[in-house]
Amino acid sequence: MFTSRARRLTSFTSLALAAAFSIPFPAQAQPGRISDGVVKIGVLTDMSSIFSDIGGKGSVIAAQMAVDDFGSKVNGVPIKVIAADHQNKTDVAATIARDWFDNQQVDVVEDLLPSSVALAVANVAKAKRRIAIVTGAGTTRLVNEECSPYTVQYSYDTYAFASNTVKAMTRGGNNSWYFLTVDYALGGSLEKDASEALQQVNGKVVGRAKHPINSSDLSSYLLQAQASRAKVIALANAGADTVNAIKTAREFGITGPDKQKIAGLHMFISDIHSLGLEAGQGMTLTTAFYWDRDDASRAWAQRFFAKTGKMPTLVHAGTYSSVMHYLQAVQRTGTDDADTVMASMKQTPVNDFFARGGQIRPDGLMVHDMYLVEVKSPKESKKPWDYYKVLQTIPASEAFRPLSQSQCAFIRK
């Protein structure tokens, strides 16, 4: 039997434990419930600089469209979308993400172009155990050397873009390449993946040059590429840098019939729109999405166009699709706990206008069919934004680097 002193100690201990567990710790999602009574989605993107047409406000609108289509609530609680411009600065992006996770209870962050921003924010998300869904950045480091259980690379990667474009162009005898590469993470990944693909088809790299991001004058770099006599000038850059390079090459007479060809390794429909079909015609590129591919893609794209006045890029379509996939996982599991939701997202295929039979692999890469396209001539285009001829559907099993070759440390091969 307890002594009276023992009973007093036991009673004191019970009260102390009860008091301790009643202390209001910072909110944290737990399996089986929604933390804070709201599911919050943060879209972190370039709103005002060279990638704003690729992602930007269009990604925010796409995310909100998904929320609206879902019904604006999940499991009885509201869904909220917030957004911010990271100004293409990794420190700004990381600071915003940290504040979102620590103080604003953001559950998932979306878009994250360009690659340098995606890498920085993915590291913050990993530390905070929150989900980062990358729809705008391509570097393969996200699912290889710097993979995380909390990162999904959803829309594309540089391997899918570069290797498939290389294989297509070298089949026509274009086997000597000169790389004009932007000096940040995306450029390095594009050049590396394209170079490896060239080696596999017995092609060769005859030269390379790096340029700063957002370069206003690329003429000297292009003249070096012309002097190399490479059959292909490969643009391992993005956004306005890609558009400026193609326009400059055309103005200098570097490209054209019986001259050097341009390979845009990271091109979007917004780039073709900026270029115009006269300048872009005949280019071969790889994409994850084309608005005019089928009835489902057309129907969603027309809704997007009604809100923005532009047809969606693959980043916009991927943002809508990934937000919907995330919300469906929250609904299935009844929680916004990151580990639980991520497991459900990886177990469930993606089947919508963006991807059919898409699957998020253990390393975080969402694999799906890709499309090899050729830019139409002005005469071939029959309506606004009618820019691509789909030459080939590349099956997911061929479009992306096999999981067996992944360098992701936490997966079992």
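In this predicted model, the side chains of R298 and D295 meet in a salt bridge, with nitrogen and oxygen 2.8 Å apart. The two residues are three positions apart in helix α11, and therefore about one helical turn separates R298 from D295. The acidic partner, D295, is exposed, with a relative accessible area of 61%. R298 is partly exposed, at a relative accessible area of 27%.

R298 also takes part in a salt bridge with D292, at an N to O distance of 3.0 Å. D292 is buried, because its relative accessible area of 16% falls under the 20% limit for that class. The arginine side chain thus meets an exposed aspartate, D295, and a buried one, D292.

Helix α11, which spans residues 295-308, also contains R303. The side chain of R303 meets that of D69 in a salt bridge of 2.9 Å, N to O. This pair links distant parts of the chain, since D69 belongs to helix α2 (residues 56-70) and lies 234 residues from R303 in sequence. D69 is partly exposed, with a relative accessible area of 36%, and R303 is likewise partly exposed, with a value of 36%.

These pairs belong to a wider set, for a search of the whole structure finds 19 salt bridges. Elsewhere, K192, D193, E196 and R401 are joined in a network of such bridges.

The domain assignment places these elements in a broader frame. Domain 1 is made of residues 39-156 together with 293-364, while domain 2 is made of residues 159-287 together with 372-396. Taken over C-alpha atoms, the centres of domain 1 and domain 2 are separated by 27 Å. Domain 1 contributes 21 residues to the contact, and domain 2 contributes 20 residues.

What area is buried between domain 1 and domain 2? The value is about 1600 Å², and carbon and sulfur atoms give 73% of it. On the side of domain 1, the residues that lose the most area to domain 2 are I50, I54 and Y156, which together make up 32% of what that side buries. The count of salt bridges between domain 1 and domain 2 is zero.

A covalent link is also present, as the structure holds one disulfide. C147 and C408 form this bond, with their sulfur atoms 2.2 Å apart. C147 lies in the loop between β5 (131-134) and β6 (151-153), and C408 lies in the segment after α14 (396-399), so the disulfide ties together parts that are 261 residues apart in sequence. The torsion about the S-S bond of C147 and C408 is about 90°, and therefore the disulfide is right-handed. Both C147 and C408 are buried.

Aromatic side chains provide a further group of contacts. The structure holds 15 aromatic pairs. One aromatic cluster is formed by Y154, F289, W300, F304, Y320, F353 and F354.

Several loops deserve separate attention. Q281 is located in the loop between α10 (277-280) and β11 (284-287). With a relative accessible area of 33%, Q281 is partly exposed. When its neighbours within four places in sequence are set aside, Q281 is in contact with V375, K376, S377 and P378. By contrast, Q281 and H86 are 33 Å apart in space, C-alpha to C-alpha, and 195 residues apart in sequence.

Backbone geometry marks three other loop positions. The peptide bond from L113 to P114 is cis, with omega near 0°. P114 lies in the loop between β4 (108-111) and α4 (115-128).

Which sign does phi of N214 take? It is positive, near 60°, in a residue other than glycine. N214 lies in the loop between β8 (204-211) and α7 (219-227), and its relative accessibility of 47% makes N214 partly exposed. D258 likewise has a positive phi, near 65°, and is a residue other than glycine. The loop that holds D258 runs between α8 (239-251) and β10 (261-264). D258 is exposed, with a relative accessible area of 84%.

Note on methods:
Residues numbered from 1 in each chain as written. Predicted model: local features only at pLDDT ≥ 70, side-chain atom pairs only at ≥ 80, totals over all residues. Heavy atoms only, no water. Phe/Tyr/Trp six-rings, centres within 6.5 Å; stacked < 30°, edge-to-face > 60°. Disulfide = S-S within 2.5 Å. Helix = DSSP H or I, 4+ residues; strand = E, 2+ residues; numbered from the N terminus. Buried < 20%, exposed > 50% of the residue type's maximum accessible area, 1.4 Å probe, protein only. Domains from an automatic or database assignment. Contact = heavy atoms within 4.5 Å. Buried area = accessible area lost by both parts, 1.4 Å probe. Salt bridge = Lys/Arg side-chain N within 4 Å of Asp/Glu carboxyl O.
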